[in-house]
Amino acid sequence: MKAWRFHGFNDMRLDDVPVPICAPGQVLVEPLCVQPSVTEAQLALGIPTLAFDRVKRRLETEAPIQLFGHEFCARILEIGPGVSRFQPGDRVAA
């Protein structure tokens, strides 16, 4: 699958990544819409924010990292063991 990943300030790339595995207590979703937050947009450009130092440290030790996409709506594809509140096909947002 494709995912936007953050390789450095002003360096975002659409990379091929493995499809995540649905672990116990988790759900696997198909994103329908993703909205970058203002903070994420500022960080992508290297504009200092409250999270700037933490993201800079992560980039120095773990790049590439996934930064974008914590505001989304999606459809559940699969539920992991122990999930009882949701079912495949349910729509969710965060």
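In this predicted model, three strands make up an open sheet whose order is β3-β4-β5, with antiparallel pairing. Strands of a sheet pair through backbone hydrogen bonds, in either a parallel or an antiparallel fashion. The edges of this sheet are occupied by β3 and β5 (91-93); each has a single partner strand, so one side of each is left without a neighbour in the sheet. On average, neighbouring strands of the sheet are turned by 35 degrees against each other, direction ignored.

The contact between β4 and β5 can be described further. These two strands run antiparallel and are joined by 3 bridges. Across from Arg91 in β5 stands Arg75.

Strands also contribute to the largest pocket, which holds about 690 Å³ of space. Rolling a probe the size of a water molecule over the atoms shows where such empty space is left. The lining of the largest pocket comprises 27 residues, and those nearest its centre are Met1, Lys2, Ala3, Pro31 and Gln66. Two or more lining residues come from each of β1, β2, β3 (27-34) and β4 (72-79). Of the elements, β3 gives the most to this lining, with 6 residues. Thus β3, an edge strand of the sheet, also contributes to the wall of the largest pocket. By residue class, the lining divides into 21 nonpolar, 3 polar and 3 charged residues.

The aromatic side chains form a further topic. The whole structure contains 2 aromatic pairs. One of them joins Phe6 and Phe9 in an edge-to-face arrangement, with 5.8 Å from centre to centre and 75 degrees between the planes. Phe6 counts as buried because its relative accessibility is 0%, whereas Phe9 is partly exposed, with a relative accessible area of 27%.

Phe9 also pairs with Phe52: the ring centres lie 5.0 Å apart and the planes are at 5 degrees, so this pair is stacked. The cut-off for stacking is an angle under 30 degrees between the planes. Phe9 is located in the loop between β1 (2-8) and β2 (11-16), while Phe52 belongs to helix α2 (residues 52-62); the pair therefore ties together parts that are 43 residues apart in sequence. Phe52 has a relative accessible area of 16% and is therefore buried, since buried means under 20%.

Taken together, ring pairs link Phe6, Phe9 and Phe52 into a cluster. Within this cluster, Phe9 takes part in the edge-to-face pair with Phe6 and in the stacked pair with Phe52.

Methods. Residues are numbered from 1 along each chain as its sequence is written. This is a predicted model: local features need pLDDT of at least 70, side-chain atom pairs count only at pLDDT 80 or more; totals for chains, interfaces and linings use all residues. Side-chain values use heavy atoms; hydrogens and water are left out. Rings of Phe, Tyr and Trp (its six-membered ring) pair if their centres lie within 6.5 Å; planes under 30 degrees apart count as stacked, over 60 as edge-to-face and the rest as tilted. Buried means under 20% relative accessible area, exposed over 50%, partly exposed in between (1.4 Å probe, protein chains only). Helices (H or I, at least four residues) and strands (E, at least two) are DSSP runs, numbered from the N terminus. On a 1 Å grid over the protein atoms alone, a cavity is a set of points where a 1.4 Å probe fits but cannot get out, and a pocket is an open set with protein on both sides within 12 Å along at least five of seven lines; lining residues have an atom within 4 Å of a point. Grid points are joined across faces, edges and corners, and a volume is the space filled by probe spheres set on the points. Ala, Val, Leu, Ile, Met, Phe, Trp, Tyr, Cys and Pro count as nonpolar, Asp, Glu, Lys and Arg as charged, and the others, Gly among them, as polar. Two strands pair if DSSP finds at least two bridges between them. Axes are lines fitted to C-alpha atoms, for helices over the stretch in contact, and angles run from 0 to 180 degrees between N-to-C directions.
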